[in-house]
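Biologist: Please take a close look at one part of this model, the paired strands of the second chain, and then set that part beside what can be said of the rest.

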Amino acid sequence: MNLSDLVFILPEISLLLTAVLIFALDLIDREGRRRESLPYIALAGLGVAALRLIPALNALAGEASGAHYVTGMLVVDSFAIFLKALAIMGVALVILIAIPYLRGRTPYPGEFYALLLIATLAICLAVGSANLMMVYLSMEFLSITSYVLAGYLREDKKSGEAAIKYFLYGSTASAIMLFGMSLLFGATGSLGLSDISAALSFAGPSELVWLTIPALILLLVGFGFKASLVPFHQWVPDTYEGAPTPITTFLSTVSKAAGFAILMRVFTMAMGWAQPQWVAILTAVAVLTMTIGNLAALRQTNIKRMLAYSSIAQAGYILIGVAAVLAAPDQTFTGYNGVLFYLFAYLFTNVGAFAVVTAIETVTGSAELESYAGLVRRAPWLAVLLFLFLISLAGIPPTGGFLGKFFVFGAAIQQQMWALVIIAAINSVVAAFYYLNVVRYMFFMPLPEDSTPIAVAAPLAGAILLAGAVTLLLGLIPGPVINWAGESAQSLLSFLR
Amino acid sequence: MNSALLTLITFAPLVGAILVLLPLGKWLGWSKEREEKLIKQGSIIYSLLPLGLSIALWFAYNKAGAGFQFEVNAPWIAVLNINYHLGVDGLSVPLVFLTTFLTALGIWYSSRAIKVRVREFFFLFFLLEMGMLGVFVSLDLVLFYVFWEIGLVPMYFLIGIWGQPKDRPQYSAIKFFLYTLAGSVFMLLAIIAIYLSSGTFDIVEAARLQPFAGNTLAASLAFWAFFIAFAIKVPSWPLHTWLPDAHTAAPTAGSVILAGVMLKLGAYGIIRIALPIFPETMKRYGLIIVILGVISIIYGALVSMAQWDLKRLIAYSSVSHMGYVLLGVGSAALAVGVADQVESSTMALNGAALTMFNHGISTGALFFLVGIIYERAHLRDLKMFGGLSGKTPYYYGLFAVTAFASLGLPGLAGFWGEFFVFRGAFDIVTFWAIVGVIGIILTAAYILWKMIQYMFLGPYDPTKIEHWTDPVTGVEEHAPMDVAPFEKITLWPLVFFMVLLGVLPAILLTFFNPTFLSLMSGFVGK
């Protein structure tokens, strides 16, 4: 590592420094006079980190391979930068949601924001890991911060339940993943992703090659846990329901995107030669994930649980893009560009949906569907925006969610995965039913008599409007994000050629 | 002006929708009643703008010219080669007019009939108009799809919010939505497949390039994906079951638009997309389409005859009428590439398009007439009516003209569509055309026997319905009152077109015939 590497890791350093600053300010400030300003300091830190991504991206242009390795453990390429930017934007929105949510719920909001920044840092490291050890460490780093955040509301038993469930499932999953990594290490003697690939493809049909399939499956347990793929999804509904809603938002979008990013990077860089095998496995997992997610979502009466199952189903759609990867040059649908676009659109859509849920939960104290009856009468804008987010999740134009589906379905059609694409299409019709069920409550049901108008705090309103604007703009003028996603996907796709 | 006209027509309703949303009442400090009155009157006046523009389009369109006119072609999503490509030909111009015309009438009628959630209603109605107009002018598959779906959402709300509680509006709304979505999701897959095969989303380009050449299986799959999506919307038997529920539950103006325009979207899609892009494939399956059409004609008529709910009866009659359209389109498909059947197939398509337009006028009028009686009696059960001819002669007159137009009486609009469909189909699928003709007899049966006889003839029994509401004052009375002035204004334009197009079908044929002639002769010698 030398000083010229610094430009590539300045975003991470900014995040770390801001987090430390918030911890320190929170500690010094005994009376809590400056507590209100802490989230804004966190937002500023995120802003600085986001701005530091631009010089990193520019510096990449000087690299012949389009990727820069920092000490062999971290890689900075356009793929990593896309996901870092995504994570930073997502966490910024989560902080805006958290500001009104935490009022009165916890006396210690300072650490909450610092931990969120730490989690962002973990994601930035995870999406840029070029070494299995780094993958494991950064994922554990992310998990442990997430466990704490899920159980942040100490007085709330459900929050505790959420954390303990998440922890038990999570630690099991990472132990299994670690076992998978040890198999790969045993077979190749190295931990670097490119080294593993080189060792196994040069070795040819060595006697240890058979280990790769079990290793693949064991690694998938860890990645699939983060991305909430079936059958590693059982923690999702309870954790999503019990965790503080901003953290549910975080887990269902940013953390999930990180899971996908690691999955794509490890499978592509270390096991590109086993592509037919993991494509087969991921296809099966995608079918299971969307089908089970959607069928379970149909029966939910709590909107947080419904969105939890819906986010499982969405993970299934996103996985189609990974399974349908096509590395040939000059393709419209490479699969990975669809994944990145979908993650982008899904992030804003789902954050928006949870932000509306937070706004309503803050006033009514309930996330049951009944409390959404007649919402359009008491909070017309919230109802209209939630409607927008729901049709985006259902994949109806003109929204970002529609184009996300367009891209992943396109990739699957290009690869002629007919069964997959037909199951996905049927699933998206099934999903429309439960999304519209919420719409039915909001618009068709009469308003209960004792209801009051819903006031929305300014930061939360800002988050909802921003998410709504992006969701709609991604459906109307998606060109820039499509280009960005396409270019970012290329840095991974080059490993498959 | 020429290139902007279609954009103006399509997005004028969107501007209207946004204007309706403005909280003018709050800004001016007006009461809620005054504000609602402003919304209603403003919407009526504003709805004349798209109507005026579409009349301008009607006259500015060069009927002798070939190909698409008023074209706009600008990149929309350049990376995917998706373009903002609009254009009209002889098929779309009358349908654009029909859409704006029925929307204006619907808004006029609704300004009296809609009493709750006024702002939302007119907002959604304008949005619906934009979606439908967009479908009729789009020449890019993705743009077409986007407008197709945009039209779906407002109709879902119209049914769900303003439906009568006893008609299960929420169930009907979601059924309508899911049915259409199920079809359109597969259509989306076929659109992507066309792109991957031919590199374009452009409808005109794709028709020229003929995607999936040589790959029968892929062409068949893509064709059926489109056809099923369109057949659900048409609706063709056996995919029609959403229609009676949706129609029954929808508010009057919603039913009018649903029957008058939305059903045409499906038939329009078949003629605009399925036939030009998959001519050979559609020819292979043409007989299936013909048979589906004939089944729809007979089945729709028979089921209509068994209904006692007036609105359901008319809903099923739509299935029957749209069957003629399928029969015409299917027989035209069978004649693809056959040189000596160009004339017959053009006639069949002319008939299909005439039926689309005329059905929009006459069924639109029928739904208004149902709305008028429902506003008074608050029920639609045919057994409860009888002898209304003496009590409401004006209403009887309007109803009778509309009903005769619907059953295809010569001299009124409905006749010509059926005539041309059978004239064309007889040459190509003689047997099925003969079977289909039975439908005309059945239509006469349900219209004369079920509707006219049960509603208007026989003695009037005052004990059956004791309370009649006056639609203008809202007062309850003991006898039905005849058509109010605002209802006359709704119906006269429709009756005018029924007579005009019955006497002078050439008004429409001069649009349809050149377009279909060049379409069908274009297939010959390929």
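Modeller: In this predicted model, B:Pro75 stands opposite B:Asn83, which belongs to strand E2(B). That pair sits within an antiparallel arrangement in which strand E1 of chain B, covering residues 69–77, and strand E2 of chain B, covering residues 82–88, are joined over six bridges. E1(B) and E2(B) form a hairpin, with four residues between the two strands, and in its turn B:Asn81 has a positive phi of about 60°.

Turning from the hairpin to the place where the chains meet, 23 residues of chain B are in contact with 23 residues of chain A. On the chain B side, the elements that give two or more residues are helix H6 (141–162) and helix H7 (169–198), and of these H7(B) gives the most, with twelve residues. By character, the residues on this side of chain B divide into 20 nonpolar, two polar and one charged.

As for the partner, the secondary structure of chain A comes to 19 helices and two strands, and the C-alpha atoms of chain A fill a box of roughly 75 × 55 × 40 Å along the principal axes. Because a compact globule of 497 residues would have a radius of gyration near 23 Å, the 22 Å of chain A agrees with that expectation. Buried residues make up 61% of the 497 residues in chain A, and among contacts in chain A between residues at least 6 apart in sequence, 80% join residues at least 24 apart.

Technical notes:
Residues are numbered from 1 along each chain as its sequence is written. Chains are lettered from A and ligands numbered from 1 in the order in which they are written. This is a predicted model: local features need pLDDT of at least 70, side-chain atom pairs count only at pLDDT 80 or more; totals for chains, interfaces and linings use all residues. Two strands pair if DSSP finds at least two bridges between them. The radius of gyration is taken over C-alpha atoms; the globule rule is 2.2 Å times the number of residues to the power 0.38. A residue is buried if 20 or more other C-beta atoms lie within 10 Å of its own, exposed if 12 or fewer, and partly exposed in between; C-beta atoms are placed from the backbone. Two residues are in contact if their C-beta atoms, placed from the backbone, lie within 7 Å. Ala, Val, Leu, Ile, Met, Phe, Trp, Tyr, Cys and Pro count as nonpolar, Asp, Glu, Lys and Arg as charged, and the others, Gly among them, as polar.
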